[in-house]
Amino acid sequence: MPDVPTAFPEGLHVFYWATGTWWIPMLLLLGVWRYGYERFPFEYDPLYWGAVFPLGMYAACT
């Protein structure tokens, strides 16, 4: 049986890692949909940091 004080943080670690791994293909699919299918103009928007920053942190910590 796993040690209870370490089992919960390890489970959270796997959950956050899986979420970060899923974030990469989701960003690619949303980008293709937005700029390829919907034909939005490609211009700078400061709100994009909300999507890019977690990806950078995932890359730095993995």
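Two residues are in contact when they have heavy atoms within 4.5 Å of each other. Keep that in mind for a later stop. The model you have open is a predicted one.

**Stop 1: the whole chain**

Start with everything shown as a cartoon. You will find 2 helices and 0 strands in the protein chain. Now turn the C-alpha trace to view its principal axes: the spans are about 55 × 20 × 15 Å. How does the radius of gyration of the protein chain sit beside that of a compact globule of 62 residues? The globule would be near 11 Å, but the protein chain has 16 Å.

Switch on the surface next. The protein chain exposes about 5600 Å², and carbon and sulfur atoms supply 76% of that area. Of the 62 residues, 3% count as buried.

**Stop 2: the largest pocket**

Please select Leu-27, Gly-31, Tyr-35, Tyr-48 and Ala-51. Among the 13 residues that line the largest pocket, these lie nearest its centre. The space in this pocket comes to about 300 Å³. Two elements give two or more residues to its lining: α1, which runs over 4-37, and α2, over 49-61. Colour α1 to see the element with the largest share of that lining, at 7 residues. By class, the lining of the largest pocket holds 10 nonpolar residues, 1 polar and 2 charged.

**Stop 3: the second largest pocket**

Clear the selection and pick His-13, Tyr-16, Trp-17, Thr-19, Gly-20 and Trp-23, then add Pro-54, Met-57, Tyr-58, Cys-61 and Thr-62. Together these residues line the second largest pocket, which has a volume of about 230 Å³. Both α1 and α2 appear here as well, each supplying at least two residues of the lining. Which element gives the largest share of the lining of the second largest pocket? That is α1, with 6 residues. As for classes, the lining of the second largest pocket has 7 nonpolar and 4 polar residues, and no charged ones.

**Stop 4: Tyr-48**

Go back to Tyr-48, one of the residues nearest the centre of the largest pocket. Tyr-48 is in the loop between α1 and α2. Why does Tyr-48 count as partly exposed? Its relative accessible area is 31%, and the partly exposed class lies between the cut-offs of 20% and 50%.

Here the opening definition comes into use. Show side chains around Tyr-48: leaving aside neighbours within four places in sequence, Tyr-48 is in contact with Arg-34, Tyr-35 and Glu-43. Then draw a distance from Tyr-48 to Glu-38, C-alpha to C-alpha. The two are 10 residues apart in sequence and 17 Å apart in space.

**Stop 5: Arg-39**

For the last stop, select Arg-39, which is also found in the loop between α1 and α2. Is Arg-39 buried or exposed? Arg-39 is exposed, because its relative accessible area is 64% and exposed means over 50%.

Finally, look at the backbone here. Phi of Arg-39 is near 60°, a positive value in a residue other than glycine. Most residues other than glycine have a negative phi.

Note on methods:
Residues numbered from 1 in each chain as written. Predicted model: local features only at pLDDT ≥ 70, side-chain atom pairs only at ≥ 80, totals over all residues. Heavy atoms only, no water. Helix = DSSP H or I, 4+ residues; strand = E, 2+ residues; numbered from the N terminus. Rg over C-alpha atoms; globule rule 2.2 N^0.38 Å. Buried < 20%, exposed > 50% of the residue type's maximum accessible area, 1.4 Å probe, protein only. Areas by Shrake-Rupley, 256 points an atom, 1.4 Å probe, with all protein chains shown as cover. 1 Å grid on protein atoms, 1.4 Å probe; cavity = no way out; pocket = protein on both sides within 12 Å on 5 of 7 lines; lining within 4 Å. Points joined across faces, edges and corners; volume = space filled by probe spheres on them. Nonpolar A, V, L, I, M, F, W, Y, C, P; charged D, E, K, R; others polar.
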